[in-house]
Amino acid sequence: MKVRGLVSAVALAVVAAAGAAQNPTALPPPLPNAADKFGSPPGSADYLGPSFTQPFEPKSMFPQNLPQPRELPPPEIPSVLPPGEGADGGLLPPRPPPRLWAGTVEAGLNGANGNTDVFNFRTGWNARRKTETNLFTTDFVYMYAKQDGEVRQQAALLNARDEILFPGHPWSIFFATQVEYDQLRDYKFRAGQYFGAGYKVIDDRNALLRLRAGAGATREFAGPGDDRWVAEGVFGYDVRYRFDERNAIVSVLDYYPRIDDWGQFRVRARAAYEVVIDPKTGTVLRLGVQDRYDSNPGTSKRNDVNYFMTFGMNF
């Protein structure tokens, strides 16, 4: 029996070898495919790949018409990173907010004692607060002079102006007030309220020129008049020019004509040359002149001109 089985196996091997010799490229019979018997679900051809019955050829192994990948848009990189973000991973503190207030506090005095007793004192401030939509400016000066025991001058002047700015446009709307005190004039106090429009010619780091025009009313208190409000116009400018980091000139002028009589008017003007002595401490030396002119001063002189030299501190 063993010999008969061995002979049968050898005979089958000989027959198979003979068939392979006649057709060497023939493939073995394909295996049954379960999908052919039971059916393929929708989409399974793309998901499960090619069928087992597909010929084993280069085209089936390396398809030619593959779908191209969808191109994604480049990522958007913000020009300014939010505070606390960036290459440092948020370890560095955020940048401080921009400084809104700037100005100077100043004072100066001189005197003599001997054949003539003289004492002159002057102090004041100017401040400015600017945002994208608002500009607030104010200045104050107090002047006192005494000679041989007699007061020759005691006066004060306060100005404040609030402007509404329009980003991208040179025009603005302003509301201003002025309070003036002078012991030696016929009146003791004068107050005025004004409104109007402003125009920015230039405003950058080195140069400033702003023009304004409007109208309002002023009133004198404790004077010989009837203490009534008088309509006035107002026309003025602000000028500042920096020669370099230490030297600059400033000038401010306001012209107030009476609306019912343009022959009567007032002028308030000042100009100064500023030298920054120490940029670290903000110490500044100011040399200037201030003029207060009234076309109808009563028993006083029309012009009050003051020359001054003061030391100040910028903030």
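**Salt bridges and enclosed cavities**

In the predicted model, D203 has a relative accessible area of 24% and is therefore classed as partly exposed, a term that covers values between buried (under 20%) and exposed (over 50%), computed with a 1.4 Å probe on protein chains only. Because the model is predicted, local features need pLDDT of at least 70 and side-chain atom pairs count only at pLDDT 80 or more, whereas totals for chains, interfaces and linings use all residues. Residues are numbered from 1 along each chain as its sequence is written, and side-chain values use heavy atoms, with hydrogens and water left out.

Side chains of opposite charge can pair when their charged atoms come close. The structure contains 29 salt bridges, each being a side-chain nitrogen of Lys or Arg within 4 Å of a carboxyl oxygen of Asp or Glu. In one of them, D203 is paired with R128, and the closest N and O atoms are 3.2 Å apart. Since D203 belongs to strand β6 (residues 189-203) and R128 to strand β2 (residues 118-130), this salt bridge ties together parts of the chain that are 75 residues apart in sequence; strands here are DSSP runs of E with at least two residues, numbered from the N terminus. R128, like its partner, counts as partly exposed, with a relative accessibility of 26%.

Two further salt bridges involve buried residues. D238 and R161 are joined with a separation of 2.5 Å between the closest N and O atoms, and this pair links distant parts of the chain, D238 lying in strand β8 (residues 229-242) and R161 in strand β4, 77 residues apart. D238 is buried at 12% relative accessibility, and R161 is likewise buried at 11%. The side chains of R266 and E232 form another salt bridge, with an N to O distance of 3.0 Å; here strand β10, which holds R266, is linked to strand β8, which holds E232, across 34 residues. R266 has a relative accessibility of 5% and counts as buried, as does E232 with a relative accessible area of 4%. Both R266 and E232 also take part in a network of salt bridges, whose other members are E180, D182, R185, R190, E220, R268, R292, D294 and D304.

The model further contains two cavities of 30 Å³ or more, a cavity being a set of points on a 1 Å grid over the protein atoms alone where a 1.4 Å probe fits but cannot get out, with lining residues having an atom within 4 Å of a point. The largest cavity holds about 70 Å³ of space, the volume being that filled by probe spheres set on points joined across faces, edges and corners. Its lining consists of L157, N159, Q178, V252, D254, R268, A269, R270, Q290, D291 and R292. Two or more of these residues come from each of β4 (150-165), β9 (247-257), β10 (265-278) and β11 (283-294). The lining of the largest cavity comprises three nonpolar, three polar and five charged residues, where Ala, Val, Leu, Ile, Met, Phe, Trp, Tyr, Cys and Pro count as nonpolar, Asp, Glu, Lys and Arg as charged, and the others, Gly among them, as polar.

The second largest cavity, with a volume of about 30 Å³, is lined by R161, E163, G198, R210, L211, R212 and D238. R161 and D238, which appear in this lining, are also the partners of the 2.5 Å salt bridge. At least two lining residues are supplied by each of β4 and β7 (207-221), and β7 makes the greatest contribution, with three residues. By class, this second lining contains one nonpolar, one polar and five charged residues.

Methods: On a 1 Å grid over the protein atoms alone, a cavity is a set of points where a 1.4 Å probe fits but cannot get out, and a pocket is an open set with protein on both sides within 12 Å along at least five of seven lines; lining residues have an atom within 4 Å of a point. Helices (H or I, at least four residues) and strands (E, at least two) are DSSP runs, numbered from the N terminus.
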